[in-house]
Amino acid sequence: MSAKRGFEELIAEGASVPVQGWDFSWLRGRASEERPPWGYARLVADRMARADAALDVDTGGGEVLAEVPRPPRVLLATEAWPPNVEVARRNLRAVGATVLQVAEGGGLPVADAALDLVVSRHPVHTPWDEIARVLRPGGTFLSQQIRGGTMRELSEAMLGPLPPPQRQLPGQAVAAAEAAGLTVLDLREATLRTVFHDVAAVVYFLRKVVWTVPGFTVERYRPQLARLHDRIEADGPFVAHARRFLIEAVRPA
């Protein structure tokens, strides 16, 4: 098989896989990413076990929430991307969660001071004022967020050199939380090695994690993908670094 034919088959494969939900199991054996040291799913399970009413913002396909062993009495989840909504409803049926479809960037369809816990993994936008509004006094917000500059090596392989990130920075999150009236209890950062073994994994990732290369399509970025394929064939796996931060804040009692 020629290298060129191998490239065409790989990008076709990466372009054909469904990307609904937030499950990355298709990448097993093709790509890997280190996990943050704080164990977000474990932290969520611990907080959920002590909550009476909780909400997961931007639940995706509900993958994290579905693993909670002791869900609270009232469990809600919001999701804006229509293909994810039905996935989340299927995944979260077993834990008794109600999945609410919302508009991107809109408010939370929850009454004031109705919740004692709000969580969110990799939110597209963090509605700090809304989170403060729906939390009861003493209620907690726990979130693992994507830091600006994440996967920079991959972004630059497609887009060329980029300026330093100006958005999604930990200090900005702290300032926004405090401006909404919340008190930040914990802030942690991690840089995580991410390895791609073939260009199909790259295509799948870019289709799914859309902020890495906004407006990505295979046809638009075919020359860059071909160069990356040749690089992997010559030098071995392509390495990038995901950047994450954990923030926990409380509404003062």
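Q: How much space lies in the largest cavity, and how should such a volume be read?
A: About 110 Å³ of space lies in the largest cavity, a cavity being a set of points on a 1 Å grid over the protein atoms alone where a 1.4 Å probe fits but cannot get out. Grid points are joined across faces, edges and corners, and the volume is the space filled by probe spheres set on the points. Of the 13 residues lining this cavity, those closest to its centre are V57, D58, A103, G105 and G106, where a lining residue has an atom within 4 Å of a point. The structure holds one cavity of 30 Å³ or more.

Q: What should be kept in mind about the model itself?
A: This is a predicted model, in which local features need pLDDT of at least 70 and side-chain atom pairs count only at pLDDT 80 or more, while totals for chains, interfaces and linings use all residues. Residues are numbered from 1 along each chain as its sequence is written, and side-chain values use heavy atoms, with hydrogens and water left out.

Q: Which classes of residue line the largest cavity?
A: The lining of the largest cavity has six nonpolar, five polar and two charged residues; Ala, Val, Leu, Ile, Met, Phe, Trp, Tyr, Cys and Pro count as nonpolar, Asp, Glu, Lys and Arg as charged, and the others, Gly among them, as polar.

Q: How much space lies in the second largest pocket?
A: A pocket is an open set of points with protein on both sides within 12 Å along at least five of seven lines, and about 270 Å³ of space lies in the second largest one. Of its 14 lining residues, H125, T126, W128, Q145 and Q168 are the closest to its centre. By class, this lining has eight nonpolar, five polar and one charged residues, and its largest share, three residues, comes from α6.

Q: How are the strands of the open sheet ordered?
A: Strands of a sheet pair through backbone hydrogen bonds, either parallel or antiparallel. Here eight strands form an open sheet with mixed pairing in the order β1-β7-β8-β6-β5-β2-β3-β4, where strands (E, at least two residues) and helices (H or I, at least four) are DSSP runs numbered from the N terminus, and two strands pair if DSSP finds at least two bridges between them. β1 (31-33) and β4 (98-101) stand at the edges with a single partner strand each, so one side of each has no neighbour in the sheet. Strand β5 (residues 115-121) pairs with β6 in the parallel sense over six bridges, and the bridge partner of L117 in β6 is T140.

Q: At what angle do α5 and α8 cross?
A: Two packed helices are described by the angle between their axes and the distance between the axes. The axes of α5 (residues 152-159) and α8 (residues 222-235) come within 8 Å and cross at roughly 125°; axes are lines fitted to C-alpha atoms, for helices over the stretch in contact, and angles run from 0 to 180 degrees between N-to-C directions. The two helices are therefore oblique to each other, given that angles under 35 degrees count as roughly parallel, over 145 as roughly antiparallel, 65 to 115 as roughly perpendicular and the rest as oblique. L154, A157 and M158 in α5 meet Q224, L225 and L228 in α8, contact meaning heavy atoms within 4.5 Å.

Q: Which residues of α7 meet α8?
A: V199, V202 and V203 in α7 meet L225, L228, H229 and I232 in α8.
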